[in-house]
Amino acid sequence: MLDWRKALVVVLTFASVGAAEAVSIVDTGPAPAGTTLVSLNDQGVSFQHLGVTFNVSQASSITSVEGWIGALDSELGNVLFELHAGATPTGALLFSSLVAVGSGTDGWRGATGLNWDVSAGDYTLTLIAQPGFGGWMGTSPPNPEGTEWFINPLSGGWTTTTFNMGWRVGAQETTVPEPATLLLVALGLAGLGWGRRQRVN
């Protein structure tokens, strides 16, 4: 008589486990052609790095980080994507990924297939041009993100800006089980416990 109860508990338990759902935490859309270009480069004495702050509404696993980036064919190289805790680029470094920019054409460049687990809160993504890289980020995308950052020899540190650059951050969110489903699971477990007691008696 206990077989059906066990089966019910197993089914309800699996049903209650949160499913992963792909979402876009940030998606400004691409920058249109012919707009202002913001320098992203490291030529030694001359350099400029960029960043953006965004909010994660619930615990997630970030799977991709991208910028709308172009580069000079003569100055192709690498850009380091860094994820910092909090609403400034000076927060603790949590994750990083080095990305090779291999073409001068403007487009989405970044790291995919990531597994950067984060809790709800504010985070800042920075793009650190590596030595010898000469490129840019396009501006005026259809859905600008908000608080952005730059640092160069004249800025005196990371400084906020509203360049309105192109950014994308993708993630997997874990959906929370509905209260009714959790109640059914609890009832199933209670029934299983009652059945065991009956068998002992």
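Colleague: Which residue in strand 10 is the bridge partner of I69?
Modeller: M137 is the bridge partner of I69. This is a predicted model, so treat the bridge as part of a prediction.

Colleague: What makes strand 4 and strand 10 a pair?
Modeller: Pairing takes at least two bridges between the strands. Strand 4 (residues 60-71) and strand 10 have three, so they count as paired. The sense is antiparallel.

Colleague: How do you know that strand 2 and strand 10 pair?
Modeller: By the same test. Five bridges join strand 2 (residues 37-42) to strand 10, so the need for at least two is met. This pairing is antiparallel too. On the strand 10 side, G138 is the bridge partner of L37.

Colleague: Why is strand 10 called mostly covered?
Modeller: Strand 10 spans residues 134-138, and five of its five residues are buried. G134, W136 and G138 point one way, while G135 and M137 point the other way. In a regular strand, side chains alternate between the two faces of the sheet.

Colleague: What makes R168 and E66 a salt bridge?
Modeller: Their closest N and O atoms are 3.0 Å apart. The cut-off is 4 Å, so the pair qualifies. R168 lies in strand 13 (residues 167-174) and E66 in strand 4, 102 residues apart. A search of the whole structure finds one salt bridge.

Colleague: Why is E66 called buried, and R168 not?
Modeller: Buried means under 20% relative accessible area. E66 has 12%, so it is buried. R168 has 26%, which lies between 20% and 50%, so it counts as partly exposed.

Colleague: Is H49 buried or exposed, and how do you know?
Modeller: H49 has a relative accessible area of 10%. That is under 20%, so H49 is buried. H49 is found in strand 3 (residues 47-56). Not counting residues up to four places away in sequence, H49 touches several residues, including L40, L127, W149, F150 and W158.

Colleague: What makes the approach of H49 to A129 a polar contact?
Modeller: The H49 side chain reaches the backbone nitrogen of A129 at 3.1 Å. The limit is 3.5 Å, so the distance fits.

Colleague: How confident is the predictor in the chain?
Modeller: The mean pLDDT is 86, and 77% of the residues reach 70 or more. Over residues 7-16, though, pLDDT is below 50. Beyond near neighbours in sequence, that stretch has 11 contacts in the model. Where pLDDT is low, the predicted coordinates should not be read in detail.

Conventions
Residues numbered from 1 in each chain as written. Predicted model: local features only at pLDDT ≥ 70, side-chain atom pairs only at ≥ 80, totals over all residues. Heavy atoms only, no water. Buried < 20%, exposed > 50% of the residue type's maximum accessible area, 1.4 Å probe, protein only. Helix = DSSP H or I, 4+ residues; strand = E, 2+ residues; numbered from the N terminus. Salt bridge = Lys/Arg side-chain N within 4 Å of Asp/Glu carboxyl O. pLDDT = per-residue confidence, 0-100. Contact = heavy atoms within 4.5 Å. Polar contact = N/O pair within 3.5 Å; in protein donor to acceptor, adjacent residues only side chain to side chain.
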